[in-house]
Amino acid sequence: MSKLTHLDDKGEARMVDVTDKAVTEREARAEATIRMAPATLAMIVDGRHPKGDVLAVARIAGIMAAKKTHELIPLCHSLNLTSVKVELTAGSDGASVHILTRCKLSGQTGVEMEALTAASVAALTLYDMCKAVDRGMEISAVRLLEKRGGRSGHWRAGEA
């Protein structure tokens with residue numbers, strides 16, 4: 001395990017200096033799952049939710065969140081994202097929505113936090129929009145699936 005990059009030699013928090021890092025293509029994918037009552041999912045899928053297309057709203061919220069990650073996570077760099085994708089899919093279990101995000105750019109630092117933020121905020125948006133009908137929803141499995149680019153190269157969840 002390498003040292004924590006957001007701490008200086010005194011152990012104090014700092015923003016990492018990426019000035020001398022090469023600009024490379026970078027990409028990250030993340031996921032989240034929100035579990036709910038089957039009736040809640042049916043309402044969403046059938047378009048019967050009183051608030052309208054909650055999946056579309058969650059998708060837009062995830063995209064917006066990725067773009068604003070640096071405003072939410074104190075030491076993140078402001079990034080010029082070139083692509084943000086948020087996919088929401090009804091789970092085959094009939095009681096969940098799976099969220100898959102992908103963020104890309106050409107830059108000096110990675111986009112893992114942006115992909116994770118997009119997945120988290122999309123899930124939180126679904127919760128917010130559906131809480132009136134299902135307060136027992138659970139958000140889980142927020143995790144990085146894959147990252148590409150930069151000095152550390154390619155990493156995929158589950159691989160050593």
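These legends walk through several close-up views of one predicted model.

Local features need pLDDT of at least 70 and side-chain atom pairs count only at pLDDT 80 or more, while totals for chains, interfaces and linings use all residues. Residues are numbered from 1 along each chain as its sequence is written, and side-chain values use heavy atoms, with hydrogens and water left out.

**View 1. The whole chain, to get your bearings.** The chain holds four helices and five strands (helices are DSSP runs of H or I with at least four residues, strands are runs of E with at least two, and both are numbered from the N terminus). Following the sequence, you meet them in the pattern β-α-α-α-β-β-α-β-β. A box of roughly 55 × 30 × 30 Å, taken along the principal axes, is filled by the C-alpha atoms. Of the 160 residues, 38% count as buried (buried means under 20% relative accessible area, exposed over 50%, and partly exposed in between, with a 1.4 Å probe and protein chains only). Among contacts between residues at least 6 apart in sequence, 69% join residues at least 24 apart (a contact means heavy atoms within 4.5 Å).

**View 2. Helix α1 and its two faces.** Helix α1 spans residues 38-45, and its buried residues are T40, L41, M43 and I44. Seen down the axis of α1, these fall within an arc of 160°, so they line one face of the helix (the arc is that of the directions from the helix axis to the C-beta atoms). On the face turned away from the buried side you will find the exposed residues P38, A39 and V45. What covers the buried residues includes α2 (54-67), β2 (83-90), β3 (96-107) and α4 (112-130). After α1 comes G47, with a positive phi near 70°.

**View 3. Where α2 passes α4.** Two packed helices are described by the angle between their axes and the distance between the axes. Here the axes of α2 and α4 come within 7 Å and cross at roughly 145° (axes are lines fitted to C-alpha atoms, for helices over the stretch in contact, and angles run from 0 to 180 degrees between N-to-C directions). The crossing is right-handed (the near helix is turned clockwise from the far one by less than a right angle; anticlockwise would be left-handed). From α2, the residues V54, L55, V57, A58, A61, G62, A65 and A66 take part, and they meet E114, T117, A118, V121, A122, T125, L126, M129 and C130 of α4. Sorted by type, the residues of this contact are 13 nonpolar, three polar and one charged (Ala, Val, Leu, Ile, Met, Phe, Trp, Tyr, Cys and Pro count as nonpolar, Asp, Glu, Lys and Arg as charged, and the others, Gly among them, as polar).

**View 4. T69 in helix α3.** T69 belongs to helix α3, residues 69-72. At 0% relative accessibility, T69 counts as buried. Leaving aside residues up to four places away in sequence, T69 touches C76, M113, E114 and T117.

**View 5. A salt-bridge network around R156.** The count of salt bridges comes to ten (a salt bridge is a side-chain nitrogen of Lys or Arg within 4 Å of a carboxyl oxygen of Asp or Glu). One of them joins the side chains of E146 and R156, at 3.3 Å from N to O. E146 lies in strand β4 (residues 138-148) and R156 in strand β5 (residues 155-156), so the pair ties together parts that are ten residues apart in sequence. E146 is buried, at 7% relative accessible area, whereas R156 is partly exposed, at 33%. R156 also forms a salt bridge with E159, where the closest N and O atoms are 3.1 Å apart. E159 is partly exposed, at 44% relative accessible area. Step back a little and the network links R29, E146, R148, R156 and E159.

**View 6. The D128 and K131 pair.** The side chains of D128 and K131 meet in a salt bridge, 2.4 Å from N to O. D128 is partly exposed at 40% relative accessibility, and K131 is partly exposed at 27%.

**View 7. S92 and R151.** S92 sits in the loop between β2 and β3. At 86% relative accessibility, S92 counts as exposed. The C-alpha atoms of S92 and R151 are separated by 38 Å, and the two residues are 59 residues apart along the chain.
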